[in-house]
Amino acid sequence: MAKTKVLIVDDNVTLARMIKDGLEQAGAYQVRVENNPLKAHGAALDFKPDIVLLDVIMPEKDGGTVAAELRYDARTRNIPIAFLTSIVGKAEAAAMGGKTGNDPVLAKPVTLAELIALIEKTLKKKR
């Protein structure tokens, strides 16, 4: 069975690596990390992920801009995006229904179980 391909775009190298390691150890995921938001679109074209986990606040280009670029391109517009952010707390994210616009959002810090649940729920809706 093919593994779910997850692209993590987050300028926090340590956090992104921890998420990558955790997802890969779970066994069902192939993960690529891009710490430079300027390279996120190219990484998505190259890796062809099933889902993108996207930080919101990053230098040079924020997550909203990266998401807009992915949605503008016909080759990447159907890839689900989930935002991971520290600009809202868990209570605020819950009050927003766990979404920003139509995209799922998780407040950092996140647990591996929360991430896996988010990925699986998001992809189930797509299938």
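Here are three short exercises on a predicted model, each with a worked solution.

**Exercise 1.** Work out where Phe47 sits and which residues it touches.

*Solution.* Start with the secondary structure: Phe47 belongs to helix H2, which covers residues 40–47. Next, check accessibility: its relative accessible area is 9%, and the cut-off for buried is under 20%, so Phe47 is buried. Now look for contacts more than four places away in sequence: Phe47 touches Lys5, Val6, Leu7, Gln30, Val31 and Arg32. Take Val6 from that list: it is 41 residues from Phe47 along the chain, yet their C-alpha atoms are 8.9 Å apart. Finish with Lys5, whose charged end sits over the Phe47 ring, 4.7 Å from the ring centre. As for aromatic pairs, the count is zero.

**Exercise 2.** Find the buried residues of H2 and say what they pack against.

*Solution.* First, list them: Ala40, His41, Ala43, Ala44 and Phe47 are buried. Then look down the axis of H2: these buried residues fall within an arc of 160°, so they line one face of the helix. It helps to recall that an α-helix has 3.6 residues a turn, so residues three or four places apart point the same way. Now see what the buried residues of H2 meet: strand E1 (4–9), strand E2 (29–34) and helix H3 (63–72). Just after H2 comes Lys48, with a positive phi near 55°.

**Exercise 3.** Is Asp103 buried or exposed, and which side chain does its own side chain contact?

*Solution.* Place Asp103 in strand E6, residues 103–107. Its relative accessibility is 11%, so Asp103 counts as buried. Its side chain makes a polar contact with the side chain of Arg71, at 2.4 Å.

Definitions and conventions:
Residues numbered from 1 in each chain as written. Predicted model: local features only at pLDDT ≥ 70, side-chain atom pairs only at ≥ 80, totals over all residues. Heavy atoms only, no water. Phe/Tyr/Trp six-rings, centres within 6.5 Å; stacked < 30°, edge-to-face > 60°. Lys NZ or Arg CZ within 6 Å of the ring centre and 35° of its normal. Helix = DSSP H or I, 4+ residues; strand = E, 2+ residues; numbered from the N terminus. Buried < 20%, exposed > 50% of the residue type's maximum accessible area, 1.4 Å probe, protein only. Polar contact = N/O pair within 3.5 Å; in protein donor to acceptor, adjacent residues only side chain to side chain. Contact = heavy atoms within 4.5 Å. Arc of directions from axis to C-beta.
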